[in-house]
Amino acid sequence: MLVIAHLSDTHVDSHPRSAERTARVMDYLHALPRPVDAILISGDIADHGEVAEYRTAAKLFASPLPVMVCPGNHDVRDAYRKGLLGEDGGGTGPINTRYDVAGAVFLLADSSIPGEDAGHLDDETMGWLADQLGSVPAGAPVFVAFHHPPVELHHPVADPIRLLPAEPLAELLAAHPQVVAVLTGHFHTAAASTFAGRPLLIAPGVASTLRMPWEGEGPLLDFRQPPGVAFHVYDDTGLLTTHYRVVV
């Protein structure tokens with residue numbers, strides 16, 4: 001049985017609040033009596049994309065467990081590489097990373113567009129995904145993760161800045177039945193849908209929770225709600241189950 005803890009949107013900045021909430025989630029995960037197999041953090045690591053924010057995040061994410069990270073729309077690729085990945089040279093190209101965990105393959109793609117809030121998988125990233133999917137051994141389960149959800153989630157602010165266009169990715173996934181699910185963040189709300197015939201599972205936000213239109217008047221983001229985490233469980237029969245928890 002494979003258990004993945006999935007969190008997103010830490011928005012680490014210079015304020016102690018973001019660091020405290022991120023540390024609270026990491027401490028909770030580290031205290032579990034049965035350790036998870038890996039921790040996935042699906043973007044918006046930093047709030048302003050500054051090197052110092054990524055250095056703080058790197059300390060917060062320090063773990064004896066595998067930690068898998070991809071960027072979001074608040075992240076800046078050059079600073080991300082320098083502060084979080086420790087790459088002195090930096091660089092502005094997409095940050096795409098493969099992780100192999102307990103017999104499963106996680107492909108973390110960069111859906112960010114520098115300077116914009118919306119998401120897109122550029123030609124380089126789509127080529128990388130195609131190459132990686134083609135190289136996965138038969139029978140190995142694959143999880144594809146990135147920041148921006150590729151479907152409408154019925155929110156007038158979030159939907160226009162989802163992943164667009166989504167059709168090329170759907171066509172690619174259709175050709176690779178070993179893809180178990182698509183995992184994203186960006187929405188600041190725990191949610192589940194489908195995409196390309198697979199589960200689409202969205203992590204809750206660590207920094208805040210998005211208020212949905214039917215929840216009444218109020219600010220767009222609710223900073224009073226506790227941070228959350230998703231647990232994705234993939235068992236030996238090929239069944240995927242997700243459990244959501246808040247961390248108080």
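Let me start with one pair of residues: L107 stands opposite V144 in β6, and I should say at once that what we are looking at is a predicted model. The strand that carries this contact point is β5, residues 104-108, which runs parallel to β6, residues 142-145, with four bridges joining the two. A second facing pair in the same region is V105, which stands opposite V142 in β6.

On its other pairing, β5 meets β4 in the antiparallel sense, over five bridges, and there V101 stands opposite A104 in β5. The hairpin made by β4 and β5 has two residues between the strands, and in it A102 takes a positive phi near 50°.

How covered is β5? It is mostly covered, since five of its five residues are buried. In a regular strand, as a reminder, side chains alternate between the two faces of the sheet. In β5, A104, F106 and L108 point one way, while V105 and L107 point the other way, and all are buried.

Stepping back to the whole sheet, we have an open arrangement of six strands in the order β4-β5-β6-β7-β9-β8, with mixed pairing. The edges are held by β4, residues 97-101, and β8, residues 191-195, each of which has a single partner strand, so that one side of each is left without a neighbour in the sheet. On average, and ignoring direction, neighbouring strands of this sheet are turned by 25° against each other.

Two helices deserve a mention here. Helix α4, residues 123-135, packs on the sheet and touches β4, β5, β6 and β7, and its direction makes about 175° with that of β5. Helix α5, residues 167-174, lies across β6, β7, β8 and β9, running at about 70° to β8.

As for annotation, the unreviewed UniProt entry places a feature called "domain: Calcineurin-like phosphoesterase" at residues 3-189. Over that stretch the chain is 28% helix and 18% strand, with the end C-alpha atoms 20 Å apart.

Let me turn to charges. A search of the whole structure finds eight salt bridges, and I will take three of them, among them the one between R77 and D110, where the closest N and O atoms are 3.0 Å apart. R77 lies in helix α3 and D110 in the loop between β5 and α4, so this pair ties together parts that are 33 residues apart in sequence. Both R77 and D110 are buried.

Within helix α3 there is also a salt bridge in which the side chains of K82 and D78 meet, at 3.0 Å from N to O. Being four residues apart in that helix, K82 and D78 are separated by about one helical turn. K82 counts as partly exposed, at 35% relative accessibility, and D78 is partly exposed too, with a relative accessible area of 25%.

The third bridge joins R224 to D222, with the closest N and O atoms 3.2 Å apart. Here R224 is exposed, with a relative accessible area of 69%, whereas D222 is buried, at 9%.

That brings me to R211, which sits in the loop between β10 and β11. Which side chain of opposite charge is nearest to R211? It is D222, 4.2 Å away, and R211 is buried yet has no salt bridge; the cut-off for a salt bridge is within 4 Å. Leaving aside residues up to four places away in sequence, R211 touches H155, G216, E217, G218, P219, L220, D222 and R224.

Key:
Residues numbered from 1 in each chain as written. Predicted model: local features only at pLDDT ≥ 70, side-chain atom pairs only at ≥ 80, totals over all residues. Heavy atoms only, no water. UniProt positions renumbered as here; feature names shortened; annotations may be inferred. Pairing = 2+ DSSP bridges. Axes fitted to C-alpha atoms, helices over the stretch in contact; angles between N-to-C directions. Contact = heavy atoms within 4.5 Å. Buried < 20%, exposed > 50% of the residue type's maximum accessible area, 1.4 Å probe, protein only. Lys, Arg positive; Asp, Glu negative; His and termini not counted.
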